[in-house]
Amino acid sequence: MKRSQLWAGILSPPIALGGIGVAILINRPWWRLTDNAISDLGKVGLPYNWVMNVPLFISAILAIYYAAGLFGEVKNRVFRLGIALFMIGLAFLAGVALFPEGTEPHYHVSWGFFLAGSVGYLIAGAGLWPEGLRKFGAFTTLLFTAEVLLARWAFEIFTGVAIAEFIGIFAMIIWHYALLWEKFFAEKS
């Protein structure tokens with residue numbers, strides 16, 4: 001993997017989360033975690049909607065560039081399939097920024113991000129099991145299961161979907177950084 005791809009992977013999540021965080025601060029008079037969707041912060045016609053949409057787009061492009069580098073790291077077909085699906089999820093994330101709430105494709109690209117991203121990391125993690133990374137495979141399965149159960153709970157409890165969305169986002173980010181650590185920074189014995 002190129003050094004620039006590694007840096008893209010490291011920087012992508014904080015860029016997206018930074019944009020979302022600043023957008024929350026700007027819109028805090030009306031936006032509520034329990035009553036809204038994250039996409040409400042970037043909707044069409046909202047002043048400063050670019051504060052969230054531009055970082056999301058940049059983050060998606062960086063993450064796709066990083067994920068492309070993962071193909072050279074593991075030859076396992078299952079892992080590669082998972083990473084390809086994860087990259088499709090990241091393309092949908094770019095679509096969330098390009099087609100904000102209030103446009104026809106927004107609903108579909110938003111769901112596409114969460115579904116393809118989450119199922120992608122599950123398949124990729126399972127693909128590492130035969131590579132001798134059984135603990136990482138088990139971690140991936142547990143993380144995915146927790147994500148699904150917690151998101152389902154959040155959908156039932158809260159009026160808005162932001163909490164469920166954050167659960168999905170943080171599950172993907174946790175998996176992403178765990179994979180980064182495992183593949184590139186953990187000491188190999």
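**Nonpolar surface patch and aromatic pairs**

In this predicted model, Ile-58 lies in helix 2. Its relative accessible area is 40%, so Ile-58 counts as partly exposed, a class that falls between the buried limit of under 20% and the exposed limit of over 50%. Ile-58 belongs to a nonpolar surface patch of about 930 Å², which is made by this residue together with Val-22, Ile-26, Tyr-48, Trp-50, Val-54, Phe-57, Ile-61, Leu-98 and Phe-99. At least two residues of the nonpolar patch are supplied by helix 1 (3–26), and at least two by helix 2 (50–70); the largest share, 5 residues, comes from helix 2.

Aromatic contacts form a second feature of the model, in which 11 aromatic pairs are found. One of them joins Tyr-121 and Phe-144, whose ring centres are 6.1 Å apart and whose planes stand at 75°, so that the pair is classed as edge-to-face, the term applied where the planes are over 60 degrees apart. This pair links distant parts of the chain, since Tyr-121 is placed in helix 4 (residues 106–128) and Phe-144 in helix 5 (residues 134–157), with the two positions 23 residues apart. Tyr-121 is buried, with a relative accessible area of 0%, and Phe-144 is likewise buried, with a value of 19%. Both residues also take part in a cluster linked by ring pairs, whose other members are Phe-86, Phe-136, Phe-139 and Trp-175.

A further contact involves a charge and a ring: the charged end of Lys-43 is positioned over the ring of Trp-30, at 5.0 Å from the ring centre.

Key: Residues are numbered from 1 along each chain as its sequence is written. This is a predicted model: local features need pLDDT of at least 70, side-chain atom pairs count only at pLDDT 80 or more; totals for chains, interfaces and linings use all residues. Side-chain values use heavy atoms; hydrogens and water are left out. Patches are made of residues with over 30% relative accessible area and no salt bridge: like charges are joined within 9 Å, nonpolar side chains (Val, Leu, Ile, Met, Phe, Trp, Tyr) within 5 Å. Accessible areas come from the Shrake-Rupley method with a 1.4 Å probe; for residues, only the protein chains shown count as cover. A salt bridge is a side-chain nitrogen of Lys or Arg within 4 Å of a carboxyl oxygen of Asp or Glu. Helices (H or I, at least four residues) and strands (E, at least two) are DSSP runs, numbered from the N terminus. Buried means under 20% relative accessible area, exposed over 50%, partly exposed in between (1.4 Å probe, protein chains only). Rings of Phe, Tyr and Trp (its six-membered ring) pair if their centres lie within 6.5 Å; planes under 30 degrees apart count as stacked, over 60 as edge-to-face and the rest as tilted. A charge sits over a ring if NZ of Lys or CZ of Arg is within 6 Å of the ring centre and within 35 degrees of the ring normal.
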